[in-house]
Amino acid sequence: MEENKKQIQDSAFAKASADEQEQVIKYSAKDFASDQDVRWCPGCGDYSILAQMQRVSPDLGIKLENFVWISGIGCAARFPYYMNTYGFHGIHGRAPAIASGVKLNRPDLSVWVATGDGDLLSIGGNHFIHACRRNIDIKILLFNNRIYGLTKGQYSPTSEKGKKTKSTPLGSIDYPFNPLALAIGSGATFIARSLDRDAKHLQAMMKRAAEHKGTAFIEVFQNCNIFNDGAFELLTEKETKADNVLFLEHGKPMLFGKNNEKGIKLDGLNPKVININDGEFSINDIWVHDEFDPNTSRAHIISQFSEMESLPTPVGVLRQETKPTYEEEYHKQIENFKKTWGTGDLKKLLFSGNTWEVN
Amino acid sequence: MAMPEKTIVDLNDVTVRFAGDSGDGMQLTGSQFTNTTAIVGNDLSTLPDFPAEIRAPAGTTYGVSGFQLHFSSSDIQTPGDAPDVLVAMNPAALKMNLHDLKPGGSIIVNVNAFDPKNLRLAEYPSNPLEDRSLNGYNVIQVPLTALTNTALEDSTLSAKEKSRCKNFFALGMMYWLYSRPVEPTLNWLKVKFKNSPDLAEANKKAMMAGYYFGENTEIFTTRYEVKPAKLSKGTYRNISGNEALAIGFITASVKSKLPLFLGSYPITPASDILHELSRHKNFDVRTFQAEDEISAITAAIGASFSGALAITTTSGPGVALKTESISLAVMTELPLVIIDVQRGGPSTGLPTKTEQSDLLQAMFGRNGEAPVVVLAPSTPADCFNMALEASRIAIKYMVPVMYLSDGYLANGSEPWKVPDPDLIPEIPVKFRTEKEGFAPYLRDENLVRPWALPGTPGLMHRIGGLEKKHITGSVSYDPENHEFMVRLRAQKVKNIENDIPDLEVWGDIDSEYLIAGWGGTFGAITEAVKRLRQRGAKLAQVHFKYLNPFPKNTGNVLKKYKKILCPELNMGQLSRILKSEFLVEVEPFNKIQGLPFKSSEIESKIESLIGVKNNGRE
């Protein structure tokens with residue numbers, strides 16, 4: 001039994017020669033591109049996310065064959081087909097659950113989920129919150145375009161209230177989810193946001209997520225140029241970006257604006273925008289971001305910025321926390337149980353309980 | 001004064017039913033009596049029957065919980081049609097169970113519970129112990145509560161706790177009455193109440209008081225003995241279907257050298273499998289209590305994709321939720337066993353009661369053409385064998401297998417001749433590692449695709465729910481490819497008929513009449529056929545454990561008989577399939593009461609079919 005299990009754990013790569021080990025370090029983005037034609041609409045934000053992932057992957061120190069990309073249904077869910085890794089295109093909403101099964105059975109693999117706002121927050125909401133709660137070591141990339149693309153343009157659980165779509169001709173009356181707040185509330189241990197148009201920032205967030213041990217969640221604002229074009233225009237266009245986006249950096253004051261002249265001051269529980277050049281306030285009044293703040297309340301306040309008038313939309317790592325992951329605890333329990341009771345003995349098991357002999 | 005000498009009467013078989021409030025501990029009493037009876041060496045079969053409510057209001061008829069046990073000095077198949085003895089802990093228990101009792105049977109009642117309040121709760125207009133309505137029965141009135149309290153006078157337990165020990169008094173009394181040893185239960189108490197010696201001592205005292213009460217009181221003039229059954233040589237243990245199933249899958253895991261992964265969401269009557277498997281993590285059993293039924297199965301699919309022997313356990317409503325995921329396993333061609341411990345439906349239905357009404361769901365309950373293998377164990381102990389079969393087939397053919405147990409098999413128990421694990425064949429597993437010529441949907445001679453695990457260098461590939469191109473596994477919308485793949489997946493399942501045992505015909509092979517059943521009704525049907533044949537009827541019997549594909553000879557067997565009777569605990573689901581598959585006439589015989597068949601019911605049905613006079617002979 002042990003022998004075969006070892007084979008599963010190490011798979012065949014244990015036999016890989018030193019030369020092959022060398023190659024691991026020399027991957028290029030191309031190695032991560034599959035031979036499949038990419039079939040997203042021209043101009044879709046998904047192209048950038050795919051490109052950034054392919055660029056980042058070679059530098060993660062993970063062997064190509066140890067990546068597993070898992071998805072549900074939707075435009076984003078086609079992602080695994082385009083990655084030259086192991087991939088599983090599942091069913092609607094269930095990617096985090098499939099990924100959990102893979103990771104629990106094979107903690108040695110690097111397990112990633114590509115998902116959309118409908119897939120993760122509507123039909124798959126339950127699996128998302130429970131993956132976060134367990135702190136299972138999977139990486140979840142949410143392609144949030146605030147619309148249903150593959151089903152051709154219905155509103156999604158992140159669409160703004162009042163949105164007119166094919167299914168809401170009079171405007172939607174649903175209040176949207178705030179995915180970051182939901183992830184914080186569910187106990188995710190790495191929570192970040194990025195933009196499809198900001199290649200460098202997105203790459204940095206992907207790297208950070210890969211380095212994190214535990215459930216890592218990145219919300220990527222992604223433009224659907226067919227059904228919800230321009231949804232994030234204010235955040236991505238040169239003229240407006242600086243005044244509307246706050247780049248969070250650990251240990252740095254929360255500054256934004258064309259000349260970094262504006263900042264966030266935390267007044268009790270209320271964040272407000274102040275200008276450090278107007279004489280009344282200085283840089284010392286600005287809230288300094290602490291990713292590792294053990295109290296989730298402040299991260300929660302940050303997650304609400306985008307819903308507050310005149311506050312910028314935060315991107316970057318909102319918070320992170322180190323605590324034992326689910327699969328670590330899971331296998332530790334099994335190992336400890338084996339230590340206490342000895343490795344299972346089939347004969348003992350079958351003949352356990354009250355037995356009697358018939359002669 | 002010398003005790004009166006008690007007569008000892010030898011009996012061939014006895015059926016006992018314990019009945020009381022859900023909180024009276026009847027399931028425990030029954031299972032203790034069962035374990036001891038097994039150790040004595042009787043053949044036995046049990047039928048626990050309890051309400052879905054955990055603690056329904058005390059004294060009410062809907063809170064009555066029962067446990068029936070049939071034990072014998074010869075081979076038996078069923079938990080018994082009608083009890084010889086009913087132990088009724090209160091008026092409601094008497095009311096709910098009296099109608100099943102054999103005419104002239106014995107009733108042991110806790111007379112202390114027959115007070116005005118309990119009589120009113122049970123809706124008895126007058127006390128049945130006094131109004132002669134029980135004339136014709138042998139009524140034994142025992143002040144169980146009072147005697148238990150007296151026995152526990154010195155105990156420091158509260159009055160309520162003392163009164164809770166009365167089931168052990170009843171158990172002790174029954175041990176005496178049927179000449180059973182008390183030691184197995186004494187040992188069990190020691191282990192069970194290791195940390196509360198007060199409770200262990202009180203229950204022991206109550207049980208011994210009951211035992212001596214039997215010996216000393218003049219109420220019982222006769223004591224009974226049921227000699228050990230002449231079972232074939234070997235080591236035996238008593239086992240329930242859920243237990244047998246759980247250790248069956250552990251055995252499959254050892255024999256395949258694969259870790260066992262169980263994704264499960266608690267549901268009656270399947271939860272005990274999750275409990276049992278969670279206790280055996282030293283076999284590298286990986287249990288995952290998921291957030292819902294869908295997560296349970298999709299996590300199992302993820303585990304299968306990455307190289308585990310993956311199973312998921314549930315009951316009918318859970319299968320409904322898992323439906324789309326089962327299709328995903330069909331499309332991705334991954335090994336997976338879906339265990340459905342069937343219960344009364346539709347919807348939430350009768351959670352704690354048995355039924356066979358998920359056969360059509362198992363066969364056809366998916367979108368698209370999505371064939372899966374369907375297996376069904378026939379007795380509690382057979383749940384072990386079929387776990388090995390389900391695992392073997394799932395792994396060898398990279399296919400999802402539906403395993404149809406039911407509430408009766410799951411909770412019922414019987415003696416099981418424990419197999420020598422060294423004689424159980426290995427389950428071979430082939431993981432693809434060669435890069436050369438690899439494609440994810442390449443086929444071997446059985447049309448099986450390779451199992452290539454993540455982590456294997458050079459075999460990176462993508463699978464999923466979209467239609468796959470033959471061999472390459474790329475997404476394909478090509479019309480001809482789709483038809484080809486649909487037929488291929490069907491053929492792959494169909495081919496398994498070459499790898500399963502033929503349908504065996506028992507009894508009078510040349511009879512005109514065939515009795516055909518499937519799954520958990522095996523005992524009741526076999527008993528009915530046996531009794532009728534003993535009385536001279538000519539009958540043939542088959543029992544299906546492989547329902548998709550059917551055994552290869554099924555059509556030929558069925559066509560030999562003039563009349564086929566198909567008893568099922570549903571509206572005729574197997575009948576329907578046999579008729580449409582094999583174009584034969586089948587007479588359904590159905591019961592949909594949440595209860596197993598009594599063999600007498602099947603017996604009368606067969607009698608009416610063949611005509612009582614000639615018993616099937618010309």
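Colleague: Just so we agree on terms: two strands pair if DSSP finds at least two bridges between them. Which strand of chain B is joined to β2(A)?

Modeller: In this predicted model, β2(A) is joined to β17(B), residues 462-464, by 3 bridges. The two strands run parallel. A:His89 is one residue to look at there, and its bridge partner in β17(B) is B:Gly464.

Colleague: Does anything else cross between the chains like that? Which way do β12(A) and β9(B) pair?

Modeller: They pair in the antiparallel sense, over 4 bridges. If you click on A:Thr355, you'll find that its bridge partner in β9(B) is B:Arg237.

Colleague: And what does β9(B) pair with inside chain B?

Modeller: With β16(B), residues 413-417, again in the antiparallel sense and over 5 bridges. There, B:Tyr236 has B:Lys417 as its bridge partner. So β9(B) is bridged both to β12 of chain A and to β16 of its own chain, with the backbone hydrogen bonds by which strands of a sheet pair.

Colleague: Is β9(B) mostly covered or mostly open?

Modeller: Mostly covered: of the 7 residues in β9(B), which spans 234-240, 5 are buried.

Colleague: Let's zoom out to the whole contact between the chains. How many residues does each chain put in?

Modeller: Chain A gives 58 residues and chain B gives 64.

Colleague: Which element gives the most on the chain A side?

Modeller: That's α5(A), which contributes 8 residues to the side touching chain B. Several other elements of chain A supply at least two residues each, including α1 (2-10), α7 (125-134) and α13 (326-341), along with strands β2 (86-89) and β12 (355-358).

Colleague: What's the mix of residue classes on that side?

Modeller: The side of chain A that touches chain B has 27 nonpolar, 23 polar and 8 charged residues.

Colleague: What scores does the predictor give the complex?

Modeller: An ipTM of 0.94 and a pTM of 0.93. For chain B, the average pLDDT is 95, and 98% of the residues score at least 70.

Colleague: Good to know. Changing topic: what does chain A look like overall?

Modeller: Its secondary structure comes to 14 helices and 12 strands. Along the principal axes, its C-alpha atoms fill a box of roughly 95 × 50 × 45 Å. Of the 359 residues in chain A, 43% are buried. As for contacts between residues at least 6 apart in sequence, 66% of them join residues at least 24 apart.

Colleague: And which domains is chain A assigned?

Modeller: Domain 1 takes 2-236 plus 324-350, and domain 2 takes 249-312. Their centres, taken over C-alpha atoms, are separated by 30 Å.

Colleague: How many residues are in the contact between those two domains?

Modeller: Domain 1 puts in 4 and domain 2 puts in 6. On the domain 1 side, 3 are nonpolar, 1 is polar and none is charged.

Colleague: I was also looking at A:Ile62. Where does A:Ile62 sit?

Modeller: In the loop between α3 (46-56) and β1 (67-71) of chain A. Beyond its neighbours within four places in sequence, A:Ile62 is in contact with A:Phe67 and A:Ser110.

Colleague: Why does A:Ile62 count as partly exposed?

Modeller: Because A:Ile62 has 16 other C-beta atoms within 10 Å; buried would need 20 or more, and exposed would need 12 or fewer.

Colleague: Makes sense. Over to chain B: how many domains, and where?

Modeller: Chain B is divided into domain 1 (7-226), domain 2 (237-423), domain 3 (430-499) and domain 4 (506-610). The centres of domain 1 and domain 3 of chain B, over C-alpha atoms, are 58 Å apart.

Colleague: There's a sheet with β5 and β6 of chain B in it. What is the strand order?

Modeller: The order is β3-β4-β2-β5-β6-β7 of chain B, an open sheet with mixed pairing. The edge strands are β3 (43-49) and β7 (138-142), each pairing on one side only. On average, neighbouring strands of the sheet are turned by 15° against each other, direction ignored.

Colleague: How do β5 and β6 of chain B pair?

Modeller: In the parallel sense, over 4 bridges. B:Val85 stands opposite B:Ser106 in β6(B).

Colleague: Last one: which strands does helix α1 of chain B lie across?

Modeller: α1(B), residues 26-40, lies across β2, β3 and β4 of chain B, and runs at about 10° to β4(B).

Conventions:
Residues numbered from 1 in each chain as written. Chains lettered and ligands numbered in written order. Predicted model: local features only at pLDDT ≥ 70, side-chain atom pairs only at ≥ 80, totals over all residues. Contact = placed C-beta atoms within 7 Å. Nonpolar A, V, L, I, M, F, W, Y, C, P; charged D, E, K, R; others polar. Axes fitted to C-alpha atoms, helices over the stretch in contact; angles between N-to-C directions. Domains from an automatic or database assignment. pLDDT = per-residue confidence, 0-100.
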